[in-house]
Amino acid sequence: MTKLKDLSIVIPVYNEAENILETLKSIKKNIKTSHEIIIVYDRNTDTTLPVLKKNKKKFNNFIAIKNDIKIGPSGAIRTGINYSSSPRILVIMADLCDDLTQVDTLVELVPRKYDIACPSRYTKGGKQELDSPFKVGFPKVAGLFLRILTGIKTSDPTNSYKLYSKRVLERMHLKSTISFSVTLEIIAKTHILNGKIFEIPTVWKDRQHGKTNFKLGQSIIAYFPWFLFAISKNRLFNLSFLLKSFI
């Protein structure tokens, strides 16, 4: 019988042929916690797949599975979560933007003390290295307003780089299918369920190769319902009679 790993690492990919090997090398170098790697792709034509096939012997602890929910990162993340077998689930990107040196420290906290660990670009000590001021500014402002209105214990709720307790995810029915909105959905529902959220500063770097598929306008629209959902716990916006139908 195969021993279960302590950590499931979920990586949604979209034509990451230039980045995926360096990402796998970074995982091997920085994450000592026993882990499985679940790489989720949308289409059989994804350029990531031939690179993975060619290097399967070199990196034998990953599997590549097809997104079976809906094309896009939210569907891919949800597919990876459903397939995971560990008590902790880490979501990272394949473009080398996330600081993986923090992961083993976070594993010690989730689920022992917290339900979610949130590396944050916007808390004291955090940093985001991006050329576009709007892409930096919008998530920062949105996170600030959400924290003020709800008391959520992170200033970076839309950052996909997070470590989740499988236990808290099993308490909710995820619905998001557009852009990366599932990340905010999980944060909002954890808040409504009185889950414990921990924040640590992180340095987020722009992708090393290729172009991002992130669409800011589409994402803003997709995030908005979960923004309102999180606010509903505030006494000033009390919509508690609606909550059961969303969780």
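Is K189 buried or exposed? In the predicted model described here, K189 has a relative accessible area of 0% and is therefore buried, since a residue counts as buried when that value is under 20%. The side chain of K189 meets that of E185 in a salt bridge, with a separation of 2.8 Å from N to O. E185 is likewise buried, because its relative accessible area is 0%. Both residues belong to helix α7, and because they are 4 residues apart there, about one helical turn separates K189 from E185.

The setting of this pair can be described first in general terms. The protein contains 8 helices and 9 strands, and buried residues make up 52% of its 247 residues. Among the contacts with a separation of 6 or more, 78% are accounted for by residues that are 24 or more positions apart.

Helix α7, which spans residues 181–192, has an axis that comes within 8 Å of the axis of helix α3, residues 73–83, and the two axes cross at roughly 55 degrees. The crossing makes α3 oblique to α7. On the α3 side the residues that take part are S74, I77, R78 and I81, and they meet S181, V182 and I186 of α7. Helix α3 is itself largely enclosed by the rest of the structure, because 9 of its 11 residues are buried. These buried residues are P73, S74, G75, A76, I77, R78, T79, G80 and I81, and the elements against which they pack are the strands β1, β2, β3 and β4 together with the helices α6 and α7.

Strand β2, one of the elements packed against the buried residues of α3, covers residues 35–41 and includes E36. Although E36 is buried, it has no salt bridge, and the nearest side chain of opposite charge, that of K166, is 7.3 Å away. This distance exceeds the limit of 4 Å within which a side-chain nitrogen and a carboxyl oxygen would be counted as a salt bridge. A polar atom of the E36 side chain does, however, lie 3.0 Å from the backbone nitrogen of S85. When neighbours within four places in sequence are left aside, the residues in contact with E36 are K5, L7, S8, I9, N61, S84, S85 and S86.

The structure holds 5 salt bridges, including the one between K189 and E185. Another is formed by the side chains of D115 and R167, at 3.9 Å from N to O. Because D115 lies in the loop between α4 and β5 while R167 lies in helix α6, this pair ties together parts that are 52 residues apart in sequence. The two partners are not equally accessible: D115 counts as buried because its relative accessibility is 12%, whereas R167, at 48%, counts as partly exposed.

A further salt bridge joins D156 to R121, and the closest N and O atoms of this pair are 2.7 Å apart. Here too distant parts of the chain are linked, since D156 is in the loop between α5 and β7 and R121 is in the loop between β5 and β6, 35 residues apart. Both D156 and R121 are buried.

How values were computed
Residues numbered from 1 in each chain as written. Predicted model: local features only at pLDDT ≥ 70, side-chain atom pairs only at ≥ 80, totals over all residues. Heavy atoms only, no water. Helix = DSSP H or I, 4+ residues; strand = E, 2+ residues; numbered from the N terminus. Buried < 20%, exposed > 50% of the residue type's maximum accessible area, 1.4 Å probe, protein only. Lys, Arg positive; Asp, Glu negative; His and termini not counted. Polar contact = N/O pair within 3.5 Å; in protein donor to acceptor, adjacent residues only side chain to side chain. Contact = heavy atoms within 4.5 Å. Axes fitted to C-alpha atoms, helices over the stretch in contact; angles between N-to-C directions. Parallel < 35°, antiparallel > 145°, perpendicular 65-115°, else oblique.
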